[in-house]
Amino acid sequence: MKHRILCPLCEATCGLEVTVQEGQVQGIRGDTQDPFSAGYLCPKGYSLKALEEDPDRLRSPQLRDGTTISWEEAFERIEAGLGPHLARDRNSIGVYLGNPNVHNLAGQLYVPAFLKMLGSRSIFSASSLDQQPKHLACGLMFGDPMSIPIPDLERTNFLLILGANPLESNGSLLTAPNMLGRFKAIKARGGQIVVFDPRRTRTAQEATRHHFLQPGTDALLLMALIQELFRQGLVRPGPQVEGVEAMHEACQPFTAATVAPICRVSAETISELARQLAEAPGAAVYGRLGTCTQSFGTLTSWLVEVVNVLTGNLDRPGGALFPKAAAGARNTVPGKGRNYTPGAVRTRVRGLPQINGEFPSAALAEEILTPGEGQIRALITIAGNPAVSAPNSSKVRQALQSLDFFVAVDCYRNETTGLADLILPVPSHLQRSHYDLVFSQLACHNYARYSAPVFPSEQPQEWEILVQLGAIVAGLGRQIPSQKLNQQILQTLMQRQGTCAVGDHEGPELLLDYLLRQGPYALTLDQLRQGPVDLGPLQPRIPEVLRTASGKVELAPALLLEDLPRLQERLQQANPEMCLIGRRQLRSNNSWMHNLPVLVKGPPACTLLIHPQDADRLGLNSGDKAGLRSSCGQLEVSVEVTPEVMPGVVSLPHGWGHHQPHAQMAVARQHCGVNANEIVPDETVEPLTGNAIQNGIPVEIERL
Ligand SMILES: Nc1nc2c(c(=O)[nH]1)N[C@H]1C(S)=C(S)[C@@H](COP(=O)(O)OP(=O)(O)OC[C@H]3O[C@@H](n4cnc5c(=O)[nH]c(N)nc54)[C@H](O)[C@@H]3O)O[C@H]1N2
Ligand SMILES: Nc1nc2c(c(=O)[nH]1)N[C@H]1C(S)=C(S)[C@@H](COP(=O)(O)OP(=O)(O)OC[C@H]3O[C@@H](n4cnc5c(=O)[nH]c(N)nc54)[C@H](O)[C@@H]3O)O[C@H]1N2
Ligand code: SF4
Ligand SMILES: [Mo]
């Protein structure tokens with residue numbers, strides 16, 4: 001029997017064909033009938049079989065000592081464990097939401113309802129270890145943090161990429177399966193791809209040009225690019241733009257000649273790039289993780305879009321456009337303009353900002369460890385591994401160990417969940433239906449696709465677990481039928497988005513069907529059950545998409561201009577002698593898929609890349625052990641000497657360090673590697689968002 005599903009593992013959202021015989025996966029291939037991914041898949045998609053069969057994947061609720069218990073008992077214990085905190089102070093219950101929530105209907109439809117029922121302000125997520133700067137910049141410029149311009153890969157002739165490696169990550173804030181194929185198509189039509197990255201990544205290798213760039217200096221580069229656009233008379237903003245003159249003034253101190261030595265990019269390169277971007281018949285600038293998780297994350301995320309606007313490429317075919325998703329996008333619901341602002345609420349200990357209802361995860365540990373009114377004493381993690389992913393991970397572990405009560409909703413017992421009093425296991429990724437509510441808002445082509453579960457679930461669905469947890473924190477007890485709460489959630493959605501008829505569905509399907517019907521194409525779930533619906537290439541959406549108070553694109557928001565003196569100060573500061581950046585690897589998915597033998601086979605992946613010049617100076621050869629020290633800690637790493645990284649920069653992959661005794665992932669333990677976040681400081685954060693700075697960290701290296 002063949003099942004056509006959507007891969008829930010990464011943002012590319014490939015269609016897969018899963019062959020099942022006698023209740024077992026026989027094979028997984030790229031679905032050639034999927035109009036979006038057209039047969040593409042990566043090794044992770046294939047590994048869904050191994051994930052399904054992994055003996056370490058949890059099947060029943062587990063206590064900290066490894067004892068398994070019934071679901072009934074698990075929820076009883078949660079009621080007892082959270083009870084005193086619910087009665088005393090709801091803010092003392094923290095929640096950490098991990099990345100897989102955005103790849104999951106339960107995470108998208110039920111987590112918000114759960115958080116509402118909980119009523120705590122102590123909410124944290126992986127967003128502040130990732131893209132929060134992009135949300136803030138786009139919220140300020142376009143009025144909604146999810147209105148993120150997407151390069152029109154199908155038509156563009158010039159793609160400028162900063163701090164992204166989509167050929168290995170398969171794209172992020174850019175849903176576009178088969179990036180290699182898309183690169184080939186751009187080059188075949190005579191287009192160019194230019195990459196700025198401190199490492200010559202696979203993406204850089206496949207581009208038409210690659211430039212090394214000193215980590216953390218993209219904002220300087222982009223400011224100089226903007227200065228050049230004005231200087232050369234190349235500025236062509238569209239009609240709905242506010243703040244062009246303010247931008248003209250703001251860029252003046254950042255001439256190509258001034259930024260060149262800090263960025264380690266020649267002034268001629270910058271000036272030529274300005275011309276090429278302006279002259280290309282459709283160009284797009286795209287920045288990703290390396291532009292967000294750094295000291296100037298918000299400024300960089302902003303300036304990427306400023307260049308798109310000033311070159312006339314925002315909202316034009318071949319440039320960067322706003323997708324029009326079929327369901328769940330706020331920017332397709334008619335709404336009044338307003339000034340988007342970061343929350344006025346600040347973290348208790350350090351006063352860091354709240355963005356989109358969440359506090360920075362770099363502050364999670366201190367909010368648990370610091371006594372006083374509002375201290376977090378109980379924690380719920382949902383699909384998250386902050387003990388590996390958040391900065392200063394030994395402090396995070398210490399914090400998790402100090403909690404009065406900790407419950408994790410997860411599929412593994414890992415570095416984080418192994419410290420929980422209780423783990424509630426979720427069904428496997430093949431045991432649930434799927435629709436990408438988030439990534440269809442970020443896709444380079446408008447599609448609506450749904451997939452049904454391949455296997456029935458052996459345990460409660462994740463949405464049912466969340467509904468039960470919601471009922472507990474809302475004081476409704478454990479007897480409330482999930483369908484009743486589901487109806488309540490539907491009512492809440494309808495209050496916000498408008499009423500319409502719904503089909504005869506249950507659970508997430510009921511809510512999804514409603515969102516599709518209410519969406520801009522008035523689709524129904526039954527239509528999607530027949531197969532994918534092609535909604536066409538990206539189309540211009542300005543002014544309809546804008547939700548700013550002025551109804552225009554705000555090119556120069558005051559909050560961002562206020563951070564420019566800090567950028568100017570950077571011009572006076574010397575680059576650190578050595579600094580650390582991260583990287584992603586094709587056969588890896590953040591911290592949680594290293595237990596699958598198909599993905600970890602081969603030579604050790606967790607190595608420190610270092611340039612031959614630096615290696616010579618330090619007396620290091622490939623295979624040597626080195627001590628890597630930052631202001632926050634120290635690691636022993638295995639060295640790989642390669643000209644792939646620029647001199648003065650070392651690269652360590654993200655998501656490793658699986659040696660913790662409380663984890664139960666036998667394969668991952670054998671390939672444990674080290675956790676970069678042991679040496680990523682938690683005290684220095686991006687000031688506007690509190691986002692973690694995981695790239696460009698000054699380090700010292702010594703031969704061991
Ligand atoms: N140094 C450094 N740190 C980084 C980064 C970096 O580049 N460098 N990257 C950052 C980024 S971009 C991100 S997104 C974060 C990720 O940070 P996290 O989201 O905290 O970590 P993940 O590794 O994605 O862990 C996901 C967890 O969810 C579980 N899980 C998987 N699928 C499901 C599911 O369907 N349901 C449930 N309930 N659980 C599930 C896994 O077992 C695992 O425990 O890490 C960040 N940290
Ligand atoms: N195979 C695989 N795919 C993944 C993941 C995974 O773990 N494995 N994780 C998923 C997640 S959660 C995310 S967020 C995405 C991330 O997707 P990407 O952003 O495409 O992935 P990264 O490899 O982290 O790319 C960041 C790049 O920034 C560069 N860089 C570092 N610092 C700087 C800087 O200051 N300036 C510039 N210009 N470049 C810099 C790094 O060298 C690196 O090449 O990937 C997703 N896809
Ligand atoms: S690229 Fe992403 S969506 Fe496609 S098969 Fe791989 S993990 Fe799945
Ligand atoms: Mo991420």
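Biologist: What makes L289 a polar contact of ligand 2 in this predicted model?

Modeller: A backbone N or O atom of L289 lies 3.1 Å from an oxygen atom of ligand 2. A polar contact is a pair of N or O atoms within 3.5 Å, so the pair from L289 and ligand 2 counts.

Biologist: And what about G290, how far is its polar backbone atom from ligand 2?

Modeller: That atom of G290 is 3.5 Å from an oxygen atom of ligand 2. For L586, a backbone N or O atom lies 3.1 Å from a nitrogen atom of the ligand.

Biologist: How much of the accessible area of ligand 2 does the protein cover?

Modeller: On its own, ligand 2 has 910 Å² of accessible area, and the protein covers 98% of that.

Biologist: Which elements give two or more residues to the shell around ligand 2?

Modeller: They are helix 7 (166-169), helix 14 (289-292) and strand 24 (579-583). Helix 7 gives the largest share, three residues.

Biologist: How do the shell residues divide into nonpolar, polar and charged?

Modeller: Ten are nonpolar, 15 polar and eight charged.

Biologist: Now to a pair of helices. Why is helix 10 called roughly parallel to helix 15?

Modeller: The axes of helix 10 (residues 218-231) and helix 15 (residues 297-310) come within 9 Å and cross at roughly 25°. Angles under 35 degrees count as roughly parallel, so helix 10 is roughly parallel to helix 15.

Biologist: Is that crossing left-handed or right-handed?

Modeller: Helix 10 passes helix 15 in a left-handed crossing.

Technical notes. Residues numbered from 1 in each chain as written. Chains lettered and ligands numbered in written order. Predicted model: local features only at pLDDT ≥ 70, side-chain atom pairs only at ≥ 80, totals over all residues. Heavy atoms only, no water. Polar contact = N/O pair within 3.5 Å; in protein donor to acceptor, adjacent residues only side chain to side chain. Areas by Shrake-Rupley, 256 points an atom, 1.4 Å probe, with all protein chains shown as cover. Helix = DSSP H or I, 4+ residues; strand = E, 2+ residues; numbered from the N terminus. Nonpolar A, V, L, I, M, F, W, Y, C, P; charged D, E, K, R; others polar. Axes fitted to C-alpha atoms, helices over the stretch in contact; angles between N-to-C directions. Parallel < 35°, antiparallel > 145°, perpendicular 65-115°, else oblique. Left-handed = near helix turned anticlockwise from the far one by under 90°.
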